[in-house]
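The following report describes one structure, moving from the start of a helix to the protein as a whole.

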Amino acid sequence: MSSELRESKNGDLFSIWNYDGKIAYEDIIEATEGFDIRYCIGTGGYGSVYKAQLPNGKVVALKKLHRFEAEDPNFDKSFRNEVTILTEIRHRNIVKLHGYCLHKRCMFLVYEYMERGSLFCVLRNNVEAVELDWMKRVNIIKSIAHALSYMHHEGVPVIVHRDISSNNILLNSELEAFVSDFGTARLLDSDTSNQTLIAGTYGYIAPELAYTMKVTEKSDIYSFGVVALEILMGRHPGELLTSLSSSQSVMLNEILDKRLPPPNRLVAHDVFIVAAISFACLRAEPKSRPTMKSVSQEFLCHKKPKMNPLHAVSVWQLRNQETYMVGESETHSESPCFLVEKDNV
């Protein structure tokens, strides 16, 4: 790691922190023409995102706080929190932080650029959604699971993202998935109560957060379940989740994204597993949800379960499953693979 201190005209110091020491503040300003609106490609929870090409030809994404937001202690805390989290993370499916500037009048993060944008936008574009075939969708879900497993189980303290949604999953040119936007993430310390204000995106927040403010990794797991179903369905599953109790005749094949042809027999196994995992992650009782480690291990397991065709598997059965997957990985430590029996489908 290295630092470059650049002195501005009025004597203030700008600090650009980065991995390779090749990003300078002046390069950022020149590449965006002073953060001109023409380079803006979107807005985030607490600022705007810009696309910039540096002198070496590298294209990066810049998340910049607006001036009035930079002066807000809450936004400042969120920005610094994202810097803290991302400088400690090293995972291929988590967006890479190249550098940042922490000046009170010009605060921005420098990320690797994701050519295809957010999963949310891709799923809502009919042309791009068709390009996202079943195998690509399964691989995206697996990548998200591996990233969350890394955050929850590979480091001390545990990192809880707190805002997993399709807007915060970015896709590169190969339609590979990367978890992004760690502004609301939290480092969990076992010695604290982990009480906090509710954070997250409406429609993805775990139900228990409506009556408790205690942050645990189980809230990420619920959000993952929502995103996984959204990827299979091509739309947010909110309506499906609220109508399950009144409809027991909806079959798994009926909820899949109709813009794609039905999955072939080989991919159907993966779709079934993803659906079973998704509903297990959406269990109302947090303790009954699987860990992200067990989910990640299941995706790495090459054992193919016996199963009925998708048109013979009801969503109600998946929602009320008991034998499709274990609630905690340590319950069946002798095998990471979930128990799936044809007779119980």
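At the start of α10, which backbone nitrogen does a side-chain oxygen of asparagine 264 reach? The side-chain oxygen of asparagine 264 comes to within 3.2 Å of the backbone nitrogen of leucine 266, where a polar contact is a pair of N or O atoms within 3.5 Å, one of which, within protein, must be able to donate a hydrogen and the other to accept it, with residues adjacent in sequence counting only if both atoms are side-chain atoms.

This is a predicted model, in which local features need pLDDT of at least 70 and side-chain atom pairs count only at pLDDT 80 or more, while totals for chains, interfaces and linings use all residues. Residues are numbered from 1 along each chain as its sequence is written, and side-chain values use heavy atoms, with hydrogens and water left out.

The protein contains 12 helices and 12 strands, taken as DSSP runs numbered from the N terminus (helices H or I, at least four residues; strands E, at least two). Two of the helices are set out below; the expected span is 1.5 Å times one less than the number of residues, and buried means under 20% relative accessible area, exposed over 50% and partly exposed in between, with a 1.4 Å probe and protein chains only.

| Helix | Span, first to last C-alpha | Expected span | Buried residues |
|---|---|---|---|
| α7 (residues 217-233) | 25 Å | 24 Å | 16 of 17 residues |
| α10 (residues 265-281) | 25 Å | 24 Å | 15 of 17 residues |

Both helices are thus mostly covered. Helix α7 is followed by glycine 234, which has a positive phi near 80°.

Another glycine with positive phi, near 95°, is glycine 57, which lies in the hairpin of β4 and β5, where five residues stand between the strands. Strand β4 (residues 47-53) and strand β5 (residues 59-64) run antiparallel and are joined by six bridges, pairing being assigned if DSSP finds at least two bridges between two strands. Glutamine 53 has valine 59 of β5 as its bridge partner.

Turning to the cysteines, the disulfide count is zero, a disulfide being a pair of cysteine sulfur atoms within 2.5 Å. Cysteine 121 is partly exposed, at a relative accessible area of 46%, whereas cysteine 281 is buried, at 0%.

For the protein as a whole, buried residues make up 51% of the 345 residues. Of the contacts (heavy atoms within 4.5 Å) with a separation of 6 or more, 65% come from residues 24 or more positions apart.
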